[in-house]
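User: I am new to reading structures. Can you take me through this one and show how each label is earned?

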Amino acid sequence: MERAFGVLQSRFAIIRGPVRYWDEEMLANIMKACIIMHNMIIEDEGAMNVGFDHEREVNSFISASYGEIPELHAFLQTHNQIKDRVTSSQLQEDLVEHLWEQYGNK
């Protein structure tokens with residue numbers, strides 16, 4: 001089990017990140033998605049042609065941080081801004097405007 005989790009951690013950065021602010025259902029969905037994507041990669045490229053050294057990645061050291069994490073605070077601030085209805089609506093409008101500028105009436 002530890003080896004399988006290590007393989008997923010080495011391939012998908014989202015699994016290595018801090019998870020204490022996510023709910024269990026979200027974590028379960030993330031893990032299922034990563035497992036499905038991993039299996040699709042193996043099927044598509046073949047286990048021998050992936051170019052990914054599972055042994056080296058599984059045995060590599062993954063450090064844990066127990067202090068303040070500036071990146072986490074920045075992520076949470078951005079996440080809260082995006083959840084804000086006004087900001088979310090503005091981001092959607094900006095995206096639509098950007099797409100119209102890029103592709104117009106093509």
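**Labels and their cut-offs**

Analyst: Leu 95, Leu 99 and Tyr 103 form a nonpolar surface patch, with about 310 Å² of accessible area together. Areas come from the Shrake-Rupley method with a 1.4 Å probe, and for residues only the protein chains shown count as cover. This is a predicted model: local features need pLDDT of at least 70, side-chain atom pairs count only at pLDDT 80 or more, and totals for chains, interfaces and linings use all residues. Residues are numbered from 1 along each chain as its sequence is written, and side-chain values use heavy atoms, without hydrogens and water.

User: What makes Leu 95, Leu 99 and Tyr 103 a nonpolar patch?

Analyst: Patch residues have over 30% relative accessible area and no salt bridge (a side-chain nitrogen of Lys or Arg within 4 Å of a carboxyl oxygen of Asp or Glu). Nonpolar side chains (Val, Leu, Ile, Met, Phe, Trp, Tyr) are joined within 5 Å, like charges within 9 Å.

User: Why is Leu 95 called partly exposed?

Analyst: Its relative accessible area is 48%. Buried means under 20%, exposed over 50%, and partly exposed in between (1.4 Å probe, protein chains only). So 48% earns the label partly exposed.

User: Where is Leu 95?

Analyst: Leu 95 is in helix α6. Helices are DSSP runs of H or I, at least four residues, and strands are runs of E, at least two, numbered from the N terminus. The protein has six helices and zero strands.

User: How do you know that the span of α6 agrees with what is expected?

Analyst: The expected span is 1.5 Å times one less than the number of residues. For the 19 residues of α6 (residues 85-103) that gives 27 Å, and the end C-alpha atoms are 27 Å apart, so the two agree. Just after α6, Gly 104 takes a positive phi of about 50°.

User: Why is Gly 6 called buried?

Analyst: Gly 6 has a relative accessible area of 8%, so it falls under the 20% limit. Gly 6 lies in helix α1 (residues 2-11). Buried residues make up 14% of the 106 residues in the protein.

User: What makes up the largest nonpolar core?

Analyst: Five residues do: Leu 8, Phe 12, Ile 15, Ile 30 and Cys 34. A nonpolar core is a set of buried Ala, Val, Leu, Ile, Met, Phe, Trp, Tyr and Cys residues joined through side-chain atoms within 4.5 Å.
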